[in-house]
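Thanks, everyone. I'll take the helix packing, then the sheet, then a few backbone details. Have a look at the model while I talk.

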Amino acid sequence: MSKQPFDYTVADFNYIEHADGPQRLRLFMPVGTGPFPLIVDLHGGAWSNQDLKDCEPRDLVLAKAGFAVAALNFRHAGSGYPTSLVDINYAIRWLKAHAGKLGLRADAVGLSGQSSGGHLAMLSAMRPADPRYTAIASPDGAKVDATVKAVVMQWPVINPLSRYRNAVKLRDSGNPPAWVGDIPSRHDLYWKTEAAMEEGNPMLLLERGEKVQMLPALWIQGRPDPTHDYRDPVGTFDGNEPERFAHNYRKAGGDLELLYIDNATRGTETSHNPTAAFFARHLT
C-alpha cells in the first residue's frame with residue numbers, strides 16, 4: 001500500500017539581519033506529529049540571481065514526503081564569496097537552535113541545492129566549521145553547529161573555475177553556444193578572481209587533500225547538459241566533471257551516488273523523487 005502524502009503548511013522567517021536588510025527563509029512543514037527531519041534547500045542562478053521561490057517545486061515534493069524544508073535566500077551577486085556560505089552556515093544553526101519550537105529534528109538535517117546552489121550545498125557540508133563561514137555567532141549563544149547528515153546536488157557547478165574557463169573559452173571562440181550567455185560575467189561578479197574560484201571549490205579542495213567532512217551524497221545530473229556536464233578544458237582527468245568529482249570523493253573515503261537523467265525532465269519528479277528517496281534513507 002502506498003503511503004499517503006502529507007499535507008503541509010508554509011511560513012516565512014527573517015533568519016538574519018544585515019546592514020542592507022534581512023535574509024529570509026521559507027519553511028514548508030508537514031502536518032502531523034513531529035519533530036520532522038529537515039532539508040535546507042539552496043537555489044541556483046550562477047551565484048548572482050534567482051531566489052528561494054525557485055526551490056518550490058522540489059520543496060513541495062519533499063514536504064509531501066514528510067520532510068520539513070527550509071528554502072533559503074542568502075547574500076550573493078556583488079556581495080561576493082564567501083557571504084553566501086556565511087548565511088547558509090548561520091541558517092542551519094538558526095534552524096537547529098529553534099528546532100524545538102518549530103518541530104524540527106536538529107539531529108537529522110540534510111542539504112539540497114541546484115546548480116550554483118548545489119555547489120554551495122556541497123561546500124557548506126564539507127566545511128561546516130570553517131571560521132570564515134561561522135563568522136556570525138549562533139543565535140542566543142545556542143550550542144549548535146552547521147554539520148549535516150547528507151547532501152543532494154542537482155546538476156551542481158562543482159568546479160567554479162573549470163566552468164568559468166570553459167565558458168570563457170567558448171565565448172571567445174567567435175561562435176559560442178547559447179548556454180554561455182552571461183555566465184562569465186556572473187562568475188566575475190560573485191567570485192571576483194580566479195583565485196577565489198579555486199579556493200571555494202569542492203573539486204579542487206579534494207585534489208588538494210584538504211581535510212573535510214565526508215557525508216553521503218547524491219549528484220543528479222541531466223544529459224545532455226553542457227552547462228554542468230563537460231570536461232575541464234585544462235584538466236587531465238579522462239571524463240567529465242561529474243565523473244571526476246565522484247572519483248575524487250570516493251577516493252577520499254566518501255559515499256557518492258551519481259544518477260543520470262534526461263535533461264529535458266530534470267526539473268520534475270524525475271529529479272525530485274530520487275532526492276526524497278535519498279533523504280529518506282539517510283535522515284529517517
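Start with helix 5, residues 160–171, and helix 6, residues 183–191: they pack at an angle of about 140°, and their axes are 9 Å apart. This is a predicted model, so a word on filters: local features need pLDDT of at least 70, side-chain atom pairs count only at pLDDT 80 or more, and totals for chains, interfaces and linings use all residues. Residues are numbered from 1 along each chain as its sequence is written, and side-chain values use heavy atoms, with hydrogens and water left out.

Now the terms. Helices (H or I, at least four residues) and strands (E, at least two) are DSSP runs, numbered from the N terminus. Axes are lines fitted to C-alpha atoms, for helices over the stretch in contact, and angles run from 0 to 180 degrees between N-to-C directions.

Back to the pair. Helix 5 and helix 6 are therefore oblique to each other. The classes are: under 35 degrees roughly parallel, over 145 roughly antiparallel, 65 to 115 roughly perpendicular, the rest oblique. The crossing of helix 5 with helix 6 is left-handed. That label means the near helix is turned anticlockwise from the far one by less than a right angle; clockwise gives right-handed.

Which residues meet here? On helix 5, Pro160, Arg163, Tyr164, Ala167, Val168 and Arg171; on helix 6, Ile183, Pro184, His187, Asp188 and Trp191. Contact means heavy atoms within 4.5 Å. By class, this contact of helix 5 with helix 6 has 7 nonpolar, 1 polar and 3 charged residues. Nonpolar covers Ala, Val, Leu, Ile, Met, Phe, Trp, Tyr, Cys and Pro; charged covers Asp, Glu, Lys and Arg; the others, Gly among them, are polar.

Next pair. Helix 1 (residues 56–64) and helix 10 (residues 269–283) have axes that come within 9 Å and cross at roughly 45°. That makes helix 1 oblique to helix 10. Their crossing is right-handed. Helix 1 brings Pro57, Arg58, Val61 and Leu62 to Glu269, His272, Asn273, Thr275, Ala276 and Phe279 of helix 10. The split in the contact of helix 1 with helix 10 is 5 nonpolar, 3 polar and 2 charged.

Third pair: helix 2 (residues 83–97) and helix 4 (residues 116–126). The axes of helix 2 and helix 4 come within 10 Å and cross at roughly 65°. Helix 2 passes helix 4 in a right-handed crossing. Ser84, Leu85, Ile88 and Ile92 of helix 2 meet Leu120, Leu123 and Ser124 of helix 4. How many charged residues sit in the contact of helix 2 with helix 4? None: there are 5 nonpolar and 2 polar.

On to the sheet. It is open, with 8 strands in the order 1-2-4-3-5-6-7-8 and mixed pairing. Two strands pair if DSSP finds at least two bridges between them. Strand 1 (8–18) and strand 8 (256–262) are the edges; each has a single partner strand, so one side of each has no neighbour in the sheet. Neighbouring strands turn by 20° against each other on average, direction ignored.

Strand 1 pairs with strand 2 (residues 21–30) in the antiparallel sense, over 10 bridges. A hairpin of 2 residues joins strand 1 to strand 2. Tyr8 has Pro30 as its bridge partner in strand 2.

What lies on the sheet? Helix 9 (residues 241–251) lies across strand 6 (150–154), strand 7 (217–223) and strand 8, at about 165° to strand 8. Helix 10 also packs on the sheet, touching strand 3 (36–42), strand 5 (104–114), strand 6, strand 7 and strand 8; its direction makes about 170° with that of strand 6.

Backbone details. The Gly34 to Pro35 peptide bond is cis, omega near 0°. Pro35 sits in the loop between strand 2 and strand 3. Tyr81 and Pro82 are joined by a cis bond too, with omega about 5°. Pro82 is in the loop between strand 4 (68–72) and helix 2. Ala77 is found in the loop between strand 4 and helix 2. Ala77 is not a glycine, yet has a positive phi of about 50°.

Last, the whole chain: 10 helices and 8 strands.
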